[in-house]
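This note sets out a few points for a colleague who is new to the structure. Please read the points in order, with the structure open alongside.

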Amino acid sequence: MKTVRYNQVFALLEQAKKAPRGRKNLDVSETGKDGMSFFFNAFAPETYVQPHKHLTPEFFKIEIGYALVIFFDSNGNVIEVITLSSTSFGGSVAACRIPPDTWHSVIAHVPVVLLEAKEGVYRPENKILAPWAPSELDAPDLIHTYQDHLNAAVERSWWTSRKLE
């Protein structure tokens, strides 16, 4: 049995704010026993998550804050945006399942904690990075320009979806 206390989750957020990547996770899996990977992933505001995909499904549940989960086609065009929002932000979508082989990323404009679940033991080599997006190791100016482009595409997607309703 493993428990996670709220003070651990809030400490994780503080660690994310100080981390070079602006993220920190807390693995709560029983490595090799669960058949799944479970972890809390804390995001500092405006951290960059390079679009990527996995060969297995992934599940996100918002715990703190609100996050945009962005889905892309194979050319890097935004095709869908889901806002995950905790009840303290008035949210109506608490979680989403991401199918295998689906390009996606996360944008956090406020401090965010997601509970993530993946099939099998998490291995970084099972994460396929989008070749059409900057690497998290690229120059900050390049990443910032891409983030501006992404935010504009997300905003267009949001307004387009409102016109269709």
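1. In this predicted model, Glu136 and Arg21 form a salt bridge through their side chains, with an N to O distance of 3.1 Å. The contact joins distant parts of the chain: Glu136 belongs to the loop between S10 and H2, Arg21 belongs to the loop between H1 and S1, and 115 residues separate them. Glu136 is partly exposed, because its relative accessible area is 25% and the partly exposed class lies between 20% and 50%. Arg21 is partly exposed as well, with a relative accessible area of 46%.

2. Glu136 also meets Arg23 in a salt bridge, here at 3.2 Å from N to O. This second contact again links distant parts of the chain, since Arg23 is in strand S1 and Glu136 is in the loop between S10 and H2, 113 residues apart. Unlike the partly exposed Glu136, Arg23 counts as buried, at 9% relative accessibility. Arg21, Arg23 and Glu136 thus make up a network of salt bridges.

3. The count of salt bridges comes to seven. One of them joins Glu14 to Lys17, whose closest N and O atoms are 3.1 Å apart. Both Glu14 and Lys17 lie in helix H1, and they are three residues apart, about one turn of the helix. Glu14 counts as partly exposed at 39% relative accessibility, and Lys17 is partly exposed with a relative accessible area of 45%. In general terms, side chains of opposite charge can pair when their charged atoms come close.

4. Which residue lies in the segment before helix H1? Thr3 is found there, ahead of the helix that covers 6-18. Thr3 counts as exposed, because its relative accessibility is 55% and exposed means over 50%. From Thr3 to Pro45 the sequence separation is 42 residues, and their C-alpha atoms are 26 Å apart in space.

5. The next point concerns the strands. Five strands form an open sheet in the order S1-S2-S9-S4-S7, and their pairing is antiparallel. Strand S1 (23-27) and strand S7 (95-98) are the edge strands, each pairing on one side only. From one strand to the next, the twist averages 25°. Strand S1 is also the strand that holds Arg23 of the salt-bridge network.

6. Within this sheet, strand S4 (residues 58-64) pairs with strand S9 (residues 112-119) in the antiparallel sense, over six bridges. Opposite Ile62 stands Leu114 in S9. As a general matter, strands of a sheet pair through backbone hydrogen bonds, either parallel or antiparallel.

7. How many aromatic pairs does a search of the whole structure find? The search finds four. In one of them, the rings of Tyr48 and Tyr146 have centres 6.0 Å apart and planes at 80°, so the pair is edge-to-face. Tyr48 lies in the loop between strand S2 (36-43) and strand S3 (52-54), while Tyr146 lies in helix H2 (residues 140-164), so this pair ties together parts that are 98 residues apart in sequence. Both partners are under the 20% limit for buried residues: Tyr48 has a relative accessible area of 9%, and Tyr146 has a relative accessibility of 11%.

8. Phe72 and Trp132 form another ring pair: their centres are 5.1 Å apart and their planes stand at 50°, so the pair is tilted. Here too the contact links distant parts of the chain, with Phe72 in strand S5 (residues 66-72) and Trp132 in the loop between strand S10 (127-129) and H2, 60 residues apart. Phe72 counts as buried at 3% relative accessibility, whereas Trp132 counts as partly exposed at 24%. Ring pairs join Phe72, Trp103 and Trp132 into a cluster.

9. Finally, two of these points meet in one segment. The loop between S10 and H2 holds Glu136, a member of the salt-bridge network. Trp132, a member of the ring cluster, is likewise placed in the loop between strand S10 (127-129) and H2.

Technical notes:
Residues are numbered from 1 along each chain as its sequence is written. This is a predicted model: local features need pLDDT of at least 70, side-chain atom pairs count only at pLDDT 80 or more; totals for chains, interfaces and linings use all residues. Side-chain values use heavy atoms; hydrogens and water are left out. Helices (H or I, at least four residues) and strands (E, at least two) are DSSP runs, numbered from the N terminus. Buried means under 20% relative accessible area, exposed over 50%, partly exposed in between (1.4 Å probe, protein chains only). Rings of Phe, Tyr and Trp (its six-membered ring) pair if their centres lie within 6.5 Å; planes under 30 degrees apart count as stacked, over 60 as edge-to-face and the rest as tilted. Two strands pair if DSSP finds at least two bridges between them. Axes are lines fitted to C-alpha atoms, for helices over the stretch in contact, and angles run from 0 to 180 degrees between N-to-C directions. A salt bridge is a side-chain nitrogen of Lys or Arg within 4 Å of a carboxyl oxygen of Asp or Glu.
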